[in-house]
Amino acid sequence: MCGFAGFFKVSGLPGGSDSRAPVLARMATRIAHRGPDDEQFYDDDRLALCFRRLSIVDVAGGQQPLWNEDHSILLVVNGEIYNHEDLRTSLKGHRFSTASDSEVLLHLYEEHGNDFLKDVNGIFALALWDTRKRRLLLARDRLGVKPLYYVIHNGQLLFASELKALLAHPDCPRQIDWEQVQPRPWHGRPVTPSYIRGVNHLPGGFLLDVHDSGPPRVTRYWSIDDHFSSADGAGIQAADFLGRYQELFEDSVRRQLMSD
């Protein structure tokens with residue numbers, strides 16, 4: 001399952017690493033059940049991060065955070081990338097340091113920038129830190145299977161796989177938003193309820209981009225609506241769905257049997 005949590009500020013986090021370490025430890029403890037096999041911490045004064053790992057693919061060598069070849073881009077991922085072998089063969093000129101399915105995302109980002117998730121088939125939540133561009137990206141899989149919460153408070157981004165890990169940070173809001181408790185239609189809003197005022201649940205198919213050249217941006221990188229029309233513009237009929245169902249079902253089962 002895995003999980004991660006952390007906090008980020010482009011201009012530099014307040015305090016020192018010694019004062020942040022206990023906060024990270026508390027956040028990691030709140031998601032320990034998600035990753036009983038490994039615990040890692042990272043702090044470079046802009047990004048402070050904890051990661052809990054459940055070993056599924058590349059059990060021995062896929063510890064996270066993962067780094068690209070020149071150690072300029074960091075990645076943590078909760079989830080699985082089902083088409084990682086296909087993606088790996090398409091990435092020429094890159095050196096892979098693990099057999100982890102998640103490592104392909106690093107090199108896809110190097111090749112395609114913020115469009116790196118376009119061809120990814122998987123369920124995931126991720127945090128990617130580009131140290132050269134001073135850009136942090138958070139993203140969730142297309143349908144939002146893996147959770148990811150975040151809040152921006154006084155210029156600082158807090159994020160976590162579970163709300164209770166976010167609440168372990170002293171700067172996380174705690175006031176219940178009673179309006180969110182009431183059922184409301186989706187209507188394409190770029191946030192989904194967390195039931196805590198100011199805390200957002202990043203929607204599936206969305207990416208949060210935090211950098212030093214402008215305000216944070218939440219953008220959609222995939223929409224199911226884009227797949228509901230045929231090449232000639234006519235709507236897809238029920239028979240089209242039925243004809244593809246067995247093929248897609250068998251493919252999804254086959255891909256999910258890849259774990260070690």
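This is a short tour of the structure in your viewer, with a suggestion of what to select at each stop.

**The whole protein**

Start with everything shown as a cartoon, and keep in mind that this is a predicted model. You should find 6 helices and 12 strands. Of the 260 residues, 46% are buried. If you switch on the surface, its accessible area comes to about 13,100 Å², and carbon and sulfur atoms account for 52% of that. How far apart in sequence are the residues that touch? Taking contacts between residues at least 6 apart in sequence, 57% join residues at least 24 apart.

**First sheet**

Now select strands E2, E3, E1, E9, E8 and E10. In that order they make an open sheet of 6 strands, with antiparallel pairing. Look for the edges: E2 (38-43) and E10 (200-201) each pair on one side only. Next, color helix H1, residues 17-30, which packs on this sheet. H1 touches E1 (3-8), E2, E3 (47-53) and E9 (156-160). The direction of H1 makes about 150° with that of E1.

Stay with this sheet and zoom in on E8, residues 149-153. E8 and E10 pair in the antiparallel sense over 2 bridges. Which residue of E10 is the bridge partner of Tyr149? Click on His201 to see that partner.

**Second sheet**

Move on to strands E4, E5, E6, E7, E11 and E12. This is another open sheet of 6 strands, in the order E4-E5-E6-E7-E11-E12, and the pairing is antiparallel. Strands E4 (66-67) and E12 (217-220) stand at the edges; each has a single partner strand, so one side of each has no neighbour in the sheet. Add helix H3, residues 103-112, to the selection: H3 packs on the sheet and touches E4, E5 (73-81), E6 (122-130) and E7 (135-140). Between the directions of H3 and E5 the angle is about 125°.

Then follow the sheet to E11, residues 206-211, which runs antiparallel to E12 and is joined to it by 4 bridges. To see a bridge pair, select Phe206 together with Arg220, its partner in E12.

**Last stop: helix H6**

Finally, select residues 238-255, which form helix H6. How does the span of H6 compare with what is expected at 1.5 Å a residue? Its 18 residues should span 26 Å, and the end C-alpha atoms are 26 Å apart, which agrees. Before you leave, look along H6 to Tyr245, where the helix bends by about 35°.

Notes
Residues numbered from 1 in each chain as written. Predicted model: local features only at pLDDT ≥ 70, side-chain atom pairs only at ≥ 80, totals over all residues. Heavy atoms only, no water. Pairing = 2+ DSSP bridges. Contact = heavy atoms within 4.5 Å. Axes fitted to C-alpha atoms, helices over the stretch in contact; angles between N-to-C directions. Buried < 20%, exposed > 50% of the residue type's maximum accessible area, 1.4 Å probe, protein only. Areas by Shrake-Rupley, 256 points an atom, 1.4 Å probe, with all protein chains shown as cover. Expected span 1.5 Å × (residues − 1). Bend = angle between axes of the 7 residues up to and from the residue.
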